[in-house]
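Work through the exercises below with the sequence and the model open. Each task is followed by a solution in steps.

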Amino acid sequence: MKNQKGMSLIEILIVIALMAIIVTTMGKNIMGRFRSGKIKTTKIKITKLLDAVKEFEMTCSSSLPEGQDSLQWLVSKPTDLKCPEYPEGGFILVSDLKDAFDKEMIYRRENGMPVIISVGLSNGDADSADAISSADLAK
């Protein structure tokens, strides 16, 4: 038996393979938690935005119009809106109009009630099963 210094190629490959398995397993776990955190953050932002919509409706005695830019009414007062009690800083920050996936939230009314929808998980489809809706959070 000769005196061996260092490691053989096979031993190095085995160590690299084991390290790859460990890193892959840890990476999947971390990414899953990261996604779960974004979903929780989005649900909190939806609730906050829905509260701002309700506050707007009570303060201004008016409903937000449906449409692409309707949530902007919560950030700054539209020139044609008659609402003397509109707060100077708006009802919400512009950063709150996006979900945790950096997608614009959608506002619409369903059965006369305001609904906020995040399309961050659904590739922009508000009617997808992956969309997160304030209507679903209330259930």
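**Exercise 1: a serine in the loop**

Ser-70 has a relative accessibility of 3%, so it counts as buried. The model is a predicted one.

Task: State where Ser-70 is placed and which residues it contacts beyond its sequence neighbours.

Solution.
- Step 1. Ser-70 belongs to the loop that runs between α1 (9–60) and β1 (106–110).
- Step 2. Set aside the neighbours within four places in sequence; Ser-70 is then in contact with Leu-64, Pro-65 and Tyr-107.
- Step 3. Compare the 3% relative accessibility with the cut-off: buried means under 20%, and therefore Ser-70 counts as buried.

**Exercise 2: the largest pocket**

Task: Give the volume of the largest pocket, and sort its lining by class.

Solution.
- Step 1. The space in the largest pocket is about 170 Å³.
- Step 2. List the lining: Gly-67, Gln-68, Asp-69, Ser-70, Leu-71, Gln-72, Leu-97, Glu-104, Met-105, Ile-106 and Tyr-107.
- Step 3. Sort these residues by class, which gives 5 nonpolar, 4 polar and 2 charged residues. Gly is counted among the polar residues in this scheme.
- Step 4. Link back to Exercise 1: Ser-70 and Tyr-107 are both among the lining residues, and Ser-70 is in contact with Tyr-107.

**Exercise 3: aromatic pairs**

Task: Find how many aromatic pairs the whole structure has, and describe the geometry of those that involve Phe-91 with Phe-56 and with Tyr-86.

Solution.
- Step 1. Searching the whole structure gives 3 aromatic pairs.
- Step 2. Phe-56 and Phe-91 make an edge-to-face pair, with 5.7 Å centre to centre and 80 degrees between the planes.
- Step 3. Place the two partners: Phe-56 is in helix α1 and Phe-91 is in the loop between α1 and β1, 35 residues apart, and the pair thus links distant parts of the chain. Phe-56 and Phe-91 are both buried.
- Step 4. Tyr-86 and Phe-91 are also edge-to-face, at 5.0 Å centre to centre with 85 degrees between the planes. Tyr-86 is buried, as is Phe-91.
- Step 5. Put the ring pairs together: they join Phe-56, Trp-73, Tyr-86 and Phe-91 into a cluster.

**Exercise 4: the sheet**

Task: Work out the strand order, the edges and the bridges of the sheet.

Solution.
- Step 1. The sheet is open and has 3 strands in the order β1-β2-β3, with antiparallel pairing.
- Step 2. The edge strands, each pairing on one side only, are β1 and β3 (132–133).
- Step 3. Count the bridges: 5 join β1 to β2, and 2 join β2 (residues 113–118) to β3.
- Step 4. Read off facing residues: Arg-108 is opposite Val-115 in β2, and Ser-118 is opposite Ile-132 in β3.
- Step 5. Look at the turn: β1 and β2 form a hairpin with 2 residues between them, and Asn-111 in that turn has a positive phi of about 55 degrees.
- Step 6. Assess burial: since 5 of the 6 residues of β2 are buried, β2 is largely enclosed by the rest of the structure.

**Exercise 5: positive phi in the loop**

Task: Where do Ser-61 and Asp-102 lie, and are they buried or exposed?

Solution.
- Step 1. Start from the general expectation: most residues other than glycine have a negative phi.
- Step 2. Ser-61, although not a glycine, has a positive phi of about 50 degrees. For Asp-102, also not a glycine, phi is positive at about 65 degrees.
- Step 3. Ser-61 is in the loop between α1 and β1, and Asp-102 is found in the loop between α1 and β1 as well.
- Step 4. Ser-61 has 69% relative accessibility and so counts as exposed; Asp-102, at 53%, counts as exposed too.

**Exercise 6: a lysine in the loop**

Task: Describe the surroundings of Lys-103.

Solution.
- Step 1. Lys-103 lies in the loop between α1 and β1. Its relative accessibility is 38%, so Lys-103 counts as partly exposed.
- Step 2. Not counting residues up to four places away in sequence, Lys-103 touches Leu-97, Lys-98, Val-119 and Gly-120.
- Step 3. Compare separations: Lys-103 and Val-115 are 12 residues apart in sequence, and 16 Å apart in space, C-alpha to C-alpha.

Terms used
Residues are numbered from 1 along each chain as its sequence is written. This is a predicted model: local features need pLDDT of at least 70, side-chain atom pairs count only at pLDDT 80 or more; totals for chains, interfaces and linings use all residues. Side-chain values use heavy atoms; hydrogens and water are left out. On a 1 Å grid over the protein atoms alone, a cavity is a set of points where a 1.4 Å probe fits but cannot get out, and a pocket is an open set with protein on both sides within 12 Å along at least five of seven lines; lining residues have an atom within 4 Å of a point. Grid points are joined across faces, edges and corners, and a volume is the space filled by probe spheres set on the points. Helices (H or I, at least four residues) and strands (E, at least two) are DSSP runs, numbered from the N terminus. Buried means under 20% relative accessible area, exposed over 50%, partly exposed in between (1.4 Å probe, protein chains only). Contact means heavy atoms within 4.5 Å. Rings of Phe, Tyr and Trp (its six-membered ring) pair if their centres lie within 6.5 Å; planes under 30 degrees apart count as stacked, over 60 as edge-to-face and the rest as tilted. Two strands pair if DSSP finds at least two bridges between them.
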